[in-house]
Structures are given as C-alpha cells and as structure tokens.
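Biologist: Hello! I have a model open in front of me and would enjoy going through one part of it slowly with you. Could you take a close look with me?

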Amino acid sequence: MRNELQNIQPPQRLAMAMAAMEWARDAMGQIETGEISDYLFRGMAAGREAVSASGDKIGLPEEMLDEYQDVLDLADEPGTSHILSALLACADAPEGLTGEVLYGVFSFCYEGLLDREELPERTVEAERANVRCLEAIAFQKRLVNEALGR
C-alpha cells in the first residue's frame, strides 16, 4: 500500500494527511498543554485552508515555524510530539506532499496514538489487541482505498 500513495494526486494526499492528523488528534483526547493545543489548532486551521485551496502542502506562517522547536520542547504528554511532527512534515515538504511524506504522516499519527494508549508492552500482539490501534489502521486504510477508488 505504501508504494501506491505516489499514485494519488498531491492535493488529495494533503487532504488525506489532514484527515489522518485530525482523526488522531481527536482520538488522542484532550491535550493538556495549552501551547501545544494552541499550536495544533493554528496548524490544523492552516492545513484546512491549504486543502480548501487545493494546495499540496501546509503553508505555516513563519512565526509558527520559528516557534516549532519551543513547542516541541514542551511535548511531554504521550503522543503530542508525534502529532506535531506530522504537522511539520506537511509544512516542510519542498516538493509538496509526496507519497513518502504522506506515509510518514500516517506513521507519526499512528505512533502518537500508540504512545497515548500506553500499552503495557510494545509488541505486535499488544497493538493488534488494542481497539484504538486497530481503528487507526482501519481509518488510514480507508483513506487510501477511497483515494484509489477501491
């Protein structure tokens, strides 16, 4: 499935990345750190604007790019550093959101959710037994299948 992401048009890849990030953020529940919550709110708003304009990446304002590291340094809550990384990947895409970048965004979203679930052990079996992990995988597969007309 990873190789097929390149067959999807860049604006649609961005829409898929946004859907995955928003789903993961919502599934993670409330983010307690105000600076992170605010940063994600602003970043997601920029992402929705880019999708509406049929863009191929998120154009974060320069001040947001400048403050990224400071916000990332506050990301102690499980999963928050991953969702921030997914957002930055969508903005830091000089050639637009390639299939590889989209795959990375999907991975960041899944890993963030996995961290949030705080499984007692990190094994494939534990992930397969976790409802939220299965929901995340199913959601991402559905995005890809719909984009490819399946």
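In which helix does Gln140 lie? Please start there and follow the contacts outward.

Modeller: Happy to! One thing to keep in mind throughout is that this is a predicted model. Gln140 belongs to helix 7, which spans residues 131–147. Its relative accessibility is 14%, so Gln140 counts as buried. Setting aside neighbours within four places in sequence, the residues in contact with Gln140 are Phe106, Cys109 and Tyr110.

Those partners take us to the packing of two helices. Phe106, Cys109 and Tyr110 are among the helix 5 residues that make the contact with helix 7. The axes of helix 5 and helix 7 are 9 Å apart, and the helices pack at an angle of about 165 degrees. With that angle over the 145 degree cut-off, helix 5 is roughly antiparallel to helix 7. The crossing in which helix 5 passes helix 7 is right-handed. On the helix 5 side, the contact also includes Leu113, Leu114 and Glu117. Helix 7 contributes Arg132, Cys133, Ala136, Ile137, Gln140, Leu143 and Val144. Sorted by class, this contact of helix 5 with helix 7 has 10 nonpolar residues, one polar and two charged.

Cys109 deserves a pause of its own. Besides being in contact with Gln140, Cys109 counts as buried, at 3% relative accessibility. You may wonder about a disulfide here, that is, a covalent bond between the sulfur atoms of two cysteines. The structure holds zero disulfides. For Cys90, the closest cysteine sulfur is the one in Cys109, and at 7.9 Å it is too far for a bond; the cut-off for a disulfide is 2.5 Å. Seen from the other end, Cys109 is in no disulfide, and its nearest cysteine sulfur is that of Cys90, 7.9 Å away. Cys90 also counts as buried, with a relative accessibility of 0%.

Cys109 leads on to Ala86 as well. Ala86 is found in helix 4, residues 80–91, and counts as buried because its relative accessibility is 0%. Not counting residues up to four places away in sequence, Ala86 touches Met21, Val105, Phe108 and Cys109. So Cys109 is in contact with Gln140 and is also touched by Ala86, as the 4.5 Å contact limit defines it. Another spatial link from Ala86 goes to Leu102: the two are 16 residues apart along the chain, and their C-alpha atoms are separated by 9.0 Å.

From helix 4 we can step across to helix 3. The axes of helix 3 and helix 4 come within 11 Å and cross at roughly 165 degrees, and the two helices are therefore roughly antiparallel to each other. Their crossing is left-handed. Helix 3 brings Leu65, Tyr68, Val71 and Leu72 to this contact, while helix 4 brings Ser81, Leu84, Ser85 and Leu88. By class, that gives six nonpolar, two polar and no charged residues.

Met21, one of the residues touched by Ala86, opens the way to the N-terminal pair of helices. Met21 is among the helix 1 residues in contact with helix 2, together with Leu14, Ala15, Met18, Glu22 and Arg25. Facing them from helix 2 are Met44, Gly47, Arg48, Ala50 and Val51. Helix 1 covers residues 10–28 and helix 2 covers residues 34–52; they pack at an angle of about 150 degrees, with 9 Å between their axes. This makes helix 1 roughly antiparallel to helix 2, and helix 1 passes helix 2 in a left-handed crossing. The classes in this contact are seven nonpolar, one polar and three charged residues.

Two loop residues round off the tour. Ser54 sits in the loop between helix 2 and helix 3. Its phi is near 60 degrees, a positive value in a residue other than glycine. Asp92 lies in the loop between helix 4 and helix 5 and is exposed, with a relative accessible area of 55%. The C-alpha atoms of Asp92 and Ala46 are 13 Å apart in space, with their positions 46 residues apart in sequence.

Note on methods. Residues numbered from 1 in each chain as written. Predicted model: local features only at pLDDT ≥ 70, side-chain atom pairs only at ≥ 80, totals over all residues. Heavy atoms only, no water. Axes fitted to C-alpha atoms, helices over the stretch in contact; angles between N-to-C directions. Helix = DSSP H or I, 4+ residues; strand = E, 2+ residues; numbered from the N terminus. Parallel < 35°, antiparallel > 145°, perpendicular 65-115°, else oblique. Left-handed = near helix turned anticlockwise from the far one by under 90°. Nonpolar A, V, L, I, M, F, W, Y, C, P; charged D, E, K, R; others polar. Buried < 20%, exposed > 50% of the residue type's maximum accessible area, 1.4 Å probe, protein only.
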